[in-house]
Amino acid sequence: MSLLRHPATAPVALRLSRDLVRTIKRGHPWVYAEALRQLPPAPAGTSAILLDHRKGQEIARGLYDPKSPLALRICSTDGKPLDDRWAERRLTRALALRERFIRPDTTGYRLAHGEGDGLPGLAIDRYDRVLVQKFDGPGPEGFWNAEELAGWLRDQTGVDAVVGRRRERSAAARVLAGEMRSPVVPFLENGMRFTADVVAGQKTGFFLDQRDNRDFLRGLVRGQSVLNLFSYTGGFSIAAGVGGASQVTSVDLAAPAVKAAEDHWALNELPAGAHEAVAADAFEYLEKVRMEKRRWDVVVVDPPSFAPSQESVTRATSAYQKLFSAAIRVTANGGLLAAASCSSHISEAHFIGLCEEAVSDARRQGRVITVRSQPSDHPWPLALPEFRYLKFVVLQLS
C-alpha cells in the first residue's frame, strides 16, 4: 500500500491558458480552473502534470480536482514523480520542523499545515497521545491514502491513535489507526491544561492557531478584569486566569462549550469565584451589559469566520465593525481590546481598517499595541499571503 491513493496511475496533463510560470516557480501552490485551457475528466485527487501555455513544457506536478474552482494544488516543481518517497520527505520535514520550536510544556500543536508544509490539503493536529488528520475537500481526500497515512504517522510519532476528520462538520470522525480510550483528550499548552473533543469539537477539537496570542495575553492581564467573547472552551479565559486576572467572564452561545470552559478553569486549579461562565449570544450580551454600565479592563473578541468566501466580505466587514464597536463600548478607559479574524478573505490592512472604523463608531480613540498572526506551527508559503489567515490586533482605548 501507499501513502497516496493513485501513485501508479499515469498523471493527467493540464495546460495553462496564460503565463503563470514565474508565479508557480516562486512557490504559489494554487492554480484555479479558469487558468487552465481544459479540465479533462478524472477522479478528484488524481495526480497531474502542469504544462506551460506556450511550448507545453512541464513546470509542476500536483493533485487535480476538475470539479473544484481550485483545480490544481501544486506539490512540486522539480519534475520528480509524486510517490511515497516524495510524501515521506515532506512529512518528515514537517515533523522535524516542530521539534525545533515546540516547547516541552506544549503537547497540543499543528504537526502539518497543508500548503504551508508543502503537503497540499492535509492538516494534522497533535493532542499529546492522539493525532487528528483532516483533508481540505474531495481533491486532497482522493490524493492522500487516509488509512496508510495514519499508520505511517503512528509509527513515526508513537501516539496511541490517529483520528480522521472531514471538512464537513456533519461527517463522522473515525479512528484510522491505533486505539483511543476517549474522544476527549487531555493536552498541555504552554503549561496550561486543556482537553479537546477530537471527534465532535470544532476544527479538530481546539483552536490551536491562537496559542501564541493566548500566551501574549497572559502577560498583560495581572490584576485586570477580562471579558472573553466567543470563548468556546475557554482558551483565552484560562490564559487570563493563569496570568493573574482578577476576574474573567467567558461568553459563548454553545452551553456545552461554556461547561467545558468551566471544567478547564477547575482543571488549572484557578479560583472558583473569579470565573463567570455565560451561555448567550455575544451581540445580545454586549447590549445587556452596556445597559447595565458594566466595563472590563480587557475584552477579547475572537468570533468565527464572518467571511467564508470573497462574496461575503462586504457583509462580514459590517458584522465585524458592529461587533467590535459594541465590545469597545464595554471596555474601560485605558483598557485593551483584542480583536481577531480567522478569515483569509480579509487582509490584515482591511482588518485594521475596520477596527479603526469600529473605534470611531464607538466615539473612542485607539492606539495599536501589537498586530499578530498565527504561530510557527501554522507556516504559510511566502508566495501565498492568503495562507496567513489569522489576524489578532490589540488596541488600547481612550
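**Exercise 1. Find the order and the edge strands of the open sheet of 7 strands.**

Start with the order, which reads S15-S14-S13-S16-S17-S19-S18, with mixed pairing. Strands here are DSSP runs (E, at least two residues) and helices are DSSP runs too (H or I, at least four), both numbered from the N terminus. Two strands pair if DSSP finds at least two bridges between them. Next, look at the ends: strand S15 (275-279) and strand S18 (366-372) are the edge strands, and each pairs on one side only. Finally, the twist: neighbouring strands of this sheet are turned by 15° against each other on average, direction ignored.

A word on the model: it is predicted, so local features need pLDDT of at least 70 and side-chain atom pairs count only at pLDDT 80 or more, while totals for chains, interfaces and linings use all residues. Residues are numbered from 1 along each chain as its sequence is written, and side-chain values use heavy atoms, leaving out hydrogens and water.

**Exercise 2. Work out in which sense S13 and S16 pair, and which helices pack on this sheet.**

Strand S13 (residues 225-229) and strand S16 (residues 296-301) pair in the parallel sense over 4 bridges. Within that pairing, Asn-228 stands opposite Val-300 in S16. Now add helix H5 (residues 211-218), which packs on the sheet and touches S16, S18 and S19 (contact means heavy atoms within 4.5 Å). The direction of H5 makes about 135° with that of S18; axes are lines fitted to C-alpha atoms, for helices over the stretch in contact, and angles run from 0 to 180 degrees between N-to-C directions. Then place helix H8 (residues 282-291): H8 lies across S13, strand S14 (247-252), S15 and S16, at about 145° to S13.

**Exercise 3. Describe how Phe-236 and Phe-392 are arranged.**

The structure holds 14 aromatic pairs. Rings of Phe, Tyr and Trp (its six-membered ring) pair if their centres lie within 6.5 Å; planes under 30 degrees apart count as stacked, over 60 as edge-to-face and the rest as tilted. Phe-236 and Phe-392 are stacked, at 5.7 Å centre to centre with 0° between the planes. Phe-236 lies in helix H6 (residues 235-242) and Phe-392 in strand S19 (residues 391-397), so the pair ties together parts 156 residues apart in sequence. Both Phe-236 and Phe-392 are buried (under 20% relative accessible area, with exposed over 50% and partly exposed in between; 1.4 Å probe, protein chains only).
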